[in-house]
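Below is a short briefing on a metal site and some surface patches. Please read it alongside the structure.

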Amino acid sequence: MYVLNFAELTPARFLAEFWQKKPLLLKQGFAHFEDPLSPDELAGLAMEEEVESRVVQCSNGKWQLETGPFTDFEQFGERDWTILVQAVDHWHAAAATLLEPFRFIPNWRIDDLMVSFSTPGGGVGPHLDQYDVFIIQGLGQRHWRVGMPDSKLQQFCPHPRLLQISPFTACIDVIMEPGDVLYIPPGCPHEGISLENSLNYSVGFRAPAQKDLLTGLADYLIDNDISGKRFTDPERQISHNIGELAITDLAQVKQLLQQLVSDETSLPLWFGQYISRAKHELDLQEPDPHYQPAEVAEYLEEGSVLALTGGLRCCYHQADSAADIALFINGEQYLLPPDELATAKLLCEHRRLDEQQCLHFIALAQRLDLLVQLINLGYWYFEQ
Ligand code: SIN
Ligand code: CO
């Protein structure tokens, strides 16, 4: 189990003083750090069709980018390249445990674990990210520099799919060693150049843009055949400028749109479904044949335990203690009665349900039915 050591900080103080504000280096954030996976395992993942990966290389000042799946890595030589593999938590259970120390931030805000392997001189160049990230140094040493946001920095593309920035002034300049952790808020320029073969783990966060929220909401309205209210103008006066879009008309359009997003009932239902969808492919193994409730109850009574598929996103919303609970898993909504908060919390707060926690689900037929449904979708599985 990985335990994050905030030194003199606490998670609460970290959020108040650094989160989304300024970068932070946690020297030995993970004491006695052991890599959850090897460079060979990472290379193996990058050979899989379903896994998103890319190699970034810079030789003689020329940047190159290739996307996976890869068949061999010898072509890249001994130095100046990095391989980056997205959503490793979806495919590697031990690597997924690296997300757990960051769960003082809600599930919906956590995105995925990206893992990179770099040869000496390897890196993706100086750049900005739109998201918060914790970079954990695993194997080897890497020189990291991080600066504060600076509107004077120029962005440019040294390759059509690589966005970099002009040289920046660093406020953190460090040779990271295994177990060191670097927090970088959105918009802070940064660059990591490997000094030797090294592994980096990036815990990334999800921060939806207004454009994506509106697109997501529009998709939800279309899928659920919700047309909402229409523009009305019973108070209309004679128009002397028939070509004009009048301020009063625009104010009404604005109000119409605002009413849509201010709907306290549908907003959480849409957002829960939207944000619980995984962005990357999941390793879902649907059992064949499906389990029957009696079988599941028997296994759980015998002491079997359940694990959650890596990368599966779970969250819930309850407007008040008398309201039904909307549980969201992987973009689907499940309605639970108001007194089933413990069930929703067990499913959302644990990546593994121990014997005792599993017994909670056989105490009530509806709970068992819900669990069987989730097992039959491949979301939860019996741990071997
Ligand atoms: C990397 O691990 O090489 C890239 C991480 C980042 O800068 O976002
Ligand atoms: Co970055």
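How are the donor residues of the cobalt ion (ligand 2) spaced in sequence? The spacing is H-x1-D-x60-H. This is a predicted model, in which local features need pLDDT of at least 70, side-chain atom pairs count only at pLDDT 80 or more, and totals for chains, interfaces and linings use all residues. Residues are numbered from 1 along each chain as its sequence is written, chains are lettered from A and ligands numbered from 1 in the order in which they are written, and side-chain values use heavy atoms, without hydrogens and water.

**Cobalt site**
- His127 (NE2), Asp129 (OD) and His190 (NE2) are the protein donors, 2.0 to 2.1 Å from the cobalt ion (ligand 2); donors are N, O and S atoms within 2.8 Å of the metal (3.2 Å for Na, K and Ca), and water is not among the atoms, so sites may look incomplete.
- Asp129 is in the loop between strand S5 (110–118) and strand S6 (133–137) and His190 is in strand S12 (residues 190–194), so the pair ties together parts 61 residues apart in sequence.
- Helices (H or I, at least four residues) and strands (E, at least two) are DSSP runs, numbered from the N terminus.
- His190 is buried at 2% relative accessibility, whereas Asp129 is partly exposed at 28%; buried means under 20% relative accessible area, exposed over 50%, partly exposed in between (1.4 Å probe, protein chains only).

**Surface location**
- Val261 is in helix H5 and is partly exposed, with a relative accessible area of 38%.
- Glu50 lies in the loop between helix H2 (39–45) and strand S2 (53–59) and is partly exposed, with a relative accessible area of 38%.
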